[in-house]
Amino acid sequence: MSAVVQVTGLSKSYGDVHALRDVSLSVEQGELFGLIGPDGAGKTSLYKILTTLMQPDSGKATVLGLNTVRDYRAIRSRIGYMPERFSLYQDMTVRENLEFFAALFGVTVRQNYDLIAPIFAQLERFPNRRAGALSGGMKQKLALSCALIHKPEILFLDEPTTGVDAVSRSEFWEMLNGLRRQGITMMVSTSYMDEAQLCDRIALIGNGRILRTDTPERLVAGLDEQLWNACADNMYGLLEAIRKLPHVAECYTFGATLHVVAEDGFDPEAAKRQLEAGGLKNVEIYPAQGDIEDLFIKLARNE
């Protein structure tokens, strides 16, 4: 495989705010590559540079071998871009939006319909409905269809599942898997750590820096920490108390439990006795399996 996106030493600031700090990464042809990080991490700034909507302060980025500053016109005709916010024409119908974007790229809807057919199928029932009247999940499908109608070589999706329900999120990733099987390279950004597991490779980004890049499996395998689940009747009291225990490096909320990052010497049974002696009831401490979110918290803490 060869790199279709190459970023080297990229930096971007807005006044005193450093959105990107010496960012370097590459995306291989045919990959589904995830850019994983919280809001404000720098994901959208990187996307705007890669899709030629903004220039970096320093560094270099190429897409399909083309420089994002010098060759912006050539890049725009060969990529698809789905921004974080729904950017289609709200007063135009489903059909009008699709035909408009096809015309922009000099193609017809029929010409590439086979590519979007699995995605557009649910929209075919109401082609005359205005885009602004669609549900969140349907807006998502229409935006993806419009981004694909000219059959781009690489697809950039910026936080595509933000603000949609869990079922729509799952359906959307099924669509992306279908596109991957057709050989389309995709770069997807998300703040949902669980979506990292659905990518071929990911880059964890925080505070404008790439913290680590690898496959999800290898990243999690490298999480060399003693990790424990903890719960009790009073979860907030438990959080405060555990943070004061010896041999505890970190404790944070993780779903319905707490995750405790322990140092050598941590004794879960002794910790449980001490916590219950302090007034907490029904304390449970048991081994936890780390995931991408645990790794991100560790890397962000070290950063």
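Good morning. I begin with Asp214, which is partly exposed, its relative accessible area being 21%. That value comes from a predicted model, as does everything that follows. The side chain of Asp214 meets that of Arg218 in a salt bridge, at 2.8 Å from N to O. Arg218 is exposed, with a relative accessible area of 54%.

The count of salt bridges comes to 10. I turn next to those involving helix α6. Arg169 pairs with Glu195, and their closest N and O atoms are 3.0 Å apart. Because Arg169 lies in helix α6 (residues 166-181) and Glu195 in the loop between β8 and β9 (201-206), this salt bridge ties together parts that are 26 residues apart in sequence. Are these two residues buried or exposed? Arg169 is buried at 15% relative accessible area, and Glu195 is buried at 2%. Asp194 also belongs to this picture, since a network of salt bridges links Arg169, Asp194 and Glu195.

A further salt bridge joins the side chains of Arg180 and Asp200, with an N to O distance of 2.7 Å. Here too distant parts of the chain are linked: Arg180 is in helix α6 and Asp200 in the loop between β8 and β9, 20 residues apart. Both count as partly exposed, Arg180 at 24% relative accessibility and Asp200 at 29%.

Let me move to the strands. Strand β7 (residues 154-158) has 5 of its 5 residues buried, so the rest of the structure largely encloses this strand. Ile154, Phe156 and Asp158 point one way from β7, while Leu155 and Leu157 point the other way. In a regular strand, side chains alternate between the two faces of the sheet. Which strands pair with β7? Strand β6 (residues 79-82) runs parallel to β7 and is joined to it by 4 bridges; strand β8 (residues 185-190) is also parallel to β7, over 5 bridges. Ile154 is the bridge partner of Ile79, and Thr185 in β8 is the bridge partner of Ile154.

Elsewhere, 4 strands form an open antiparallel sheet in the order β2-β1-β4-β5. The edges are β2 (17-28) and β5 (66-67); each has a single partner strand, so one side of each is left without a neighbour in the sheet. Strand β4 (residues 58-63) and β5 are joined by 2 bridges, and Thr62 has Asn67 in β5 as its bridge partner.

I close with the surface. Asp267, Glu269, Glu276 and Glu284 form a negative patch. Of these, Glu276 lies in helix α9 (residues 268-277) and is partly exposed, at 35% relative accessibility. Thank you.

How values were computed: Residues are numbered from 1 along each chain as its sequence is written. This is a predicted model: local features need pLDDT of at least 70, side-chain atom pairs count only at pLDDT 80 or more; totals for chains, interfaces and linings use all residues. Side-chain values use heavy atoms; hydrogens and water are left out. Patches are made of residues with over 30% relative accessible area and no salt bridge: like charges are joined within 9 Å, nonpolar side chains (Val, Leu, Ile, Met, Phe, Trp, Tyr) within 5 Å. Accessible areas come from the Shrake-Rupley method with a 1.4 Å probe; for residues, only the protein chains shown count as cover. A salt bridge is a side-chain nitrogen of Lys or Arg within 4 Å of a carboxyl oxygen of Asp or Glu. Lys and Arg count as positive and Asp and Glu as negative; His and the chain ends are not counted. The place of a charge is taken as NZ of Lys, CZ of Arg, CG of Asp or CD of Glu. Buried means under 20% relative accessible area, exposed over 50%, partly exposed in between (1.4 Å probe, protein chains only). Two strands pair if DSSP finds at least two bridges between them.
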